[in-house]
Amino acid sequence: MTDQRTETTESRPRAAATGTGGTGAAAAARAYYDSSDVDAFYDSIWGGEDIHIGIYAHEREQVRAASRRTIEHVAAKVAHLLGPGRRVLDLGSGYGGAARYLAEHFGCRVTALNISEQQNRRHRTTNAERGLDGLIEVVTGSFDDIPFPAEHFDVVWSQDALCHSGDPGRTLGEAARVLGPEGEFVFTDIMAADDTPAEAIRPLLTRLAAPSLTTPGHYQKLLPQVGLAKVEFEELSQQLRNHYTRLTEEARRYHAEPDGAISPSYLARVRENLPLWQRACRDGLLVWGIYHCRR
């Protein structure tokens, strides 16, 4: 897999918008991830520690293994900026799998900013159990208002969290603001293809509680506007299809007990929703990949 420059594309800035602004999007994301059903779904079916899209070595690979490979692959892009004394900001850090990987393998200090206090409690507990709480600070907050000064971090990192932003321009601007002059921003995101009609993917977003999906063309316009003019995009949309195929299979195999972690009613909704994502990937409606941005 090789990096490739994206072409500037004029397109609709957002697909499947719900009209939710930044504040409303943050509240929706918090309510979604603080739900006990959603928490159990990500823990039991999605991959547990790493709750983002995986890079699969083969179609039958376990979700957890593929998700960890994504972290390794993204980290390799900024490895020259990682190490003791370096500071990393993880936006939308979830359960902290990436933060722990970076702290453990590179010895850098990681600030994990995440809106769900339920996830953050588990994150802090796991850090302490693994002896990494001295390197990782878990902060509850929104990436639309990052509580740190300008030029504070060597690397800003995010995996499949920016789709929850109700104002991508503001979110990217905040990421650029706290990034040092020689720093780099790496992120993955689930996007609508530039020519995807909004109505084609609106049903997908009911489970995710995302206000909308942005597009590669929109990111390519926004990033230079916030001072990140050098943008590389590694397009890996086939991996998005692999991931939702595996999730659909895992959800079908999962057995919900009446008193289990995932309620039968939520599991039924998941089993209805995941195939919609699988078909949207098959039909080329969605895009996924890795952005690597510099000033």
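In this predicted model, the largest nonpolar core has 62 residues. Those with the most contacts inside this core are F41, Y42, L102, W157, Y244 and L286. Helix α11, which covers residues 264-282, gives the most to the core, with 7 residues. Apart from this core lies another, of 29 residues. Among its members are V139, V156, Y219 and Y291.

L286 illustrates the packing in the 62-residue core. Residues up to four places away in sequence are not counted here. L286 then touches M191, A192, A193, I201, L204 and L213. The list of residues touched by L286 also includes S237, L240, W277, A280 and C281.

Two of these partners, S237 and L240, are among the buried residues of helix α10. Y244, listed with the most contacts inside the largest core, is also among the buried residues of α10. Of the 17 residues of this helix, 12 are buried, so α10 is largely enclosed by the rest of the structure. The buried set is S237, Q239, L240, N242, H243, Y244, R246, L247, T248, E249, E250 and A251. The length of α10 was also checked. At 1.5 Å a residue, its 17 residues should span 24 Å. The end C-alpha atoms are 25 Å apart, which agrees.

Q239 is found in α10, the helix of residues 237-253. Its relative accessibility is 11%, and the cut-off for buried is under 20%, so Q239 counts as buried. A polar atom of the Q239 side chain lies 2.7 Å from the backbone nitrogen of Y56. Y56 is also among the residues in contact with Q239, once neighbours within four places in sequence are left aside. The others in that list are I53, G54, I55 and W288.

Helix α3 covers residues 63-77. At 1.5 Å a residue, its 15 residues should span 21 Å. Its end C-alpha atoms are 22 Å apart, which agrees. The buried residues of α3 are V63, A66, S67, T70, I71, V74, A75 and K77.

Confidence was examined along the chain. The mean pLDDT of the protein chain is 89. A pLDDT of 70 or more is reached by 91% of its residues. Over residues 1-14, pLDDT stays under 50. The model has 44 contacts beyond four places in sequence for residues 1-14. Residues 16-20 also stay under 50. For residues 16-20, the model has 14 contacts beyond four places in sequence. Where pLDDT is low, the predicted coordinates should not be read in detail.

Terms used
Residues numbered from 1 in each chain as written. Predicted model: local features only at pLDDT ≥ 70, side-chain atom pairs only at ≥ 80, totals over all residues. Heavy atoms only, no water. pLDDT = per-residue confidence, 0-100. Contact = heavy atoms within 4.5 Å. Core = buried A, V, L, I, M, F, W, Y, C linked by side-chain atoms within 4.5 Å. Buried < 20%, exposed > 50% of the residue type's maximum accessible area, 1.4 Å probe, protein only. Helix = DSSP H or I, 4+ residues; strand = E, 2+ residues; numbered from the N terminus. Polar contact = N/O pair within 3.5 Å; in protein donor to acceptor, adjacent residues only side chain to side chain. Expected span 1.5 Å × (residues − 1).
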